[in-house]
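Hello,

Here is the structure we spoke about, with its sequence. My notes on what was found in it follow below.

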Amino acid sequence: MVILSINAGSSTLKFGVHDIEHGIAQPAALTGSIEGLEPGGHLSLSWRSGGQVHREQPDVDGHAEPFHVALQTLQRLLQEQRAGRTLQAIAHRVVHGGASFRQAVKVDAAILHTLSDLAPLAPLHQPHNIDGILALGRAFPDVPQIACFDTAFHADLPEEEYLFALPQALGQQGIRRYGFHGLSYQSVSQTLARFSQRAAGRVVMAHLGNGASLCGMLDGKSRATTMGFSALDGLMMGTRCGAIDAGVLLHLLAQGWDHARLEALLYRQSGLLGVSGISADMRQLRASDDPNAQLAIRLFGYRVVRETAAVAACIGGLDALVFTGGIGEHDQLLRADVCDRLAFLGVALDHDKNSTADGTQVVPVHSKSSQAEVWVIPTDEARMAAQIAADLLRQ
């Protein structure tokens with residue numbers, strides 16, 4: 001079985017081709033991304049196969065849609081690299097499944113309609129996820145399109161975790177906490193289980209990147225998480241504000257702000273970018289000596305510490321802390337700052353191990369004296385989606 005994993009964004013189409021051997025998704029034999037899909041962007045393709053990295057710039061004439069050219073390029077690449085082997089399914093990362101989808105589904109017109117209704121709850125992701133499904137469906141009309149949901153990992157959250165303190169009639173309409181980054185958490189939790197007996201205990205996973213959240217697990221299942229009804233809540237992120245007093249929004253509404261202006265503020269103009277006024281990229285902020293860049297970094301770390309302690313309280317303590325995501329895997333300074341401030345939870349970092357952990361492999365970074373294990377584990381959402389799709393096809 002061969003499955004293509006797709007993660008479609010506003011400007012980038014990421015892909016991976018996974019062989020399924022004995023029911024298990026293998027690391028991607030072919031992986032890459034097509035960038036420059038945004039209006040006015042410059043289309044570029046990069047992919048890795050056989051340990052080698054390749055790059056090219058597809059030709060785009062003035063009348064061609066970049067997405068259409070990207071799909072043609074992807075089809076050609078698959079034909080060249082897969083030597084005629086047939087895809088059995090295309091697995092799509094879909095951020096929001098709402099109350100309707102607690103597990104992966106084969107996509108049809110009715111499901112697409114429901115997913116479109118959820119787009120306002122994840123405007124940075126959901127519309128592009130849907131565009132990816134539609135485009136790949138046209139490019140590969142005979143191949144099943146499987147939607148794999150970030151919310152599904154949190155489908156069994158306890159009632160006290162997912163309920164808002166609102167009239168129950170609103171909860172019955174689906175206004176509740178869902179949780180996100182589920183494909184990442186499922187991937188990381190399965191990896192942790194291969195390396196540590198603590199995986200069945202009280203684990204806090206920190207997915208830290210342009211989008212950021214925490215998940216508290218017991219017995220390998222999500223029991224607490226920082227993201228809620230939408231992908232806005234909880235931690236400070238690249239351009240998203242994270243948790244905010246609802247009174248601020250009421251205040252801005254009273255000043256005449258409309259929905260579009262509020263959405264732009266909360267999703268695209270806040271977070272690291274908003275506080276620093278420089279960039280949403282932590283690497284650029286680390287390289288800057290601007291006081292506002294340093295303020296943004298401090299605030300980001302503070303929110304991680306605060307929410308980690310809260311999630312640990314919800315699951316009764318801390319046996320293991322896991323860092324993943326672009327920042328979590330690569331920013332050793334942030335990991336050190338967070339762990340040093342979580343010493344009261346029994347966390348003690350081995351700073352030498354931490355300084356060499358770069359997200360390329362699974363690395364324990366706790367000291368021998370640490371009561372809680374600390375791990376850096378690279379996430380593999382694409383492989384997880386391929387596994388979920390394979391399981392669904394077998395069923």
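**The second largest pocket**

Helix H8 supplies five residues to the lining of the second largest pocket, the largest share. Please keep in mind that this is a predicted model. The space in this pocket comes to about 820 Å³. Its lining is made up of 25 residues, and those closest to the centre are Phe-229, Ser-230, Leu-232, Leu-249 and Leu-266. Two elements give two or more residues to the lining: helix H7, residues 246-254, and helix H8, residues 259-268. By type, the lining has 18 nonpolar residues, four polar ones and three charged ones.

**The cavity**

How many cavities of 30 Å³ or more does a search of the whole structure find? The search finds one. The largest cavity holds about 40 Å³ of space. Its lining consists of Arg-93, Val-95, His-125, Asp-150, Phe-180, His-181, Met-227, Ala-231 and Arg-240. Four of these lining residues are nonpolar, two are polar and three are charged.

**Asn-129**

Two residues of the cavity lining, Arg-93 and Val-95, come up again here, as both are in contact with Asn-129. Asn-129 belongs to helix H3, which runs over residues 126-139. Is Asn-129 buried or exposed? Asn-129 counts as buried because its relative accessibility is 2%, and the cut-off for buried is under 20%. A polar atom of the Asn-129 side chain lies 3.0 Å from the backbone nitrogen of Val-95. Beyond its neighbours within four places in sequence, Asn-129 is in contact with Asn-7, Ala-8, Arg-93, Val-94 and Val-95.

**The nonpolar cores**

The largest nonpolar core contains 43 residues, and Leu-208, Phe-300 and Phe-323 have the most contacts inside it. At least two residues of this core come from each of these elements:

- strands S10 (203-208), S11 (212-218), S13 (320-324) and S15 (373-376)
- helices H10 (282-287), H11 (291-314) and H13 (332-341)

Which element gives the most to this core? H11 does, with eight residues. A second, separate core has 26 residues, among them Ile-6, Leu-13, Leu-43 and Phe-140.

Back in the largest core, Leu-208 has a long list of contacts outside its neighbours within four places in sequence, including Phe-300 and Phe-323. Others on that list are Ser-213, Leu-235, Val-304 and Leu-334. Leu-208 is also in contact with the run Thr-324, Gly-325, Gly-326, Ile-327 and Gly-328.

**Val-204**

Val-204 lies in strand S10. Val-204 has 0% relative accessibility and therefore counts as buried. Although 114 residues separate Val-204 and Leu-318 along the chain, their C-alpha atoms are 7.1 Å apart. Leu-318 is also one of the residues that Val-204 touches, when residues up to four places away in sequence are not counted. The others are Cys-215, Gly-216, Thr-308, Val-311, Ala-312, Ile-315, Ala-320, Leu-321 and Val-322.

**Gln-387**

Gln-387 is in helix H15, residues 381-394. With a relative accessible area of 13%, Gln-387 is buried. Leaving out neighbours within four places in sequence, Gln-387 is in contact with Gly-23, Ile-24, Ala-25 and Arg-394.

Regards

Definitions and conventions. Residues numbered from 1 in each chain as written. Predicted model: local features only at pLDDT ≥ 70, side-chain atom pairs only at ≥ 80, totals over all residues. Heavy atoms only, no water. Core = buried A, V, L, I, M, F, W, Y, C linked by side-chain atoms within 4.5 Å. Buried < 20%, exposed > 50% of the residue type's maximum accessible area, 1.4 Å probe, protein only. Helix = DSSP H or I, 4+ residues; strand = E, 2+ residues; numbered from the N terminus. Contact = heavy atoms within 4.5 Å. Polar contact = N/O pair within 3.5 Å; in protein donor to acceptor, adjacent residues only side chain to side chain. 1 Å grid on protein atoms, 1.4 Å probe; cavity = no way out; pocket = protein on both sides within 12 Å on 5 of 7 lines; lining within 4 Å. Points joined across faces, edges and corners; volume = space filled by probe spheres on them. Nonpolar A, V, L, I, M, F, W, Y, C, P; charged D, E, K, R; others polar.
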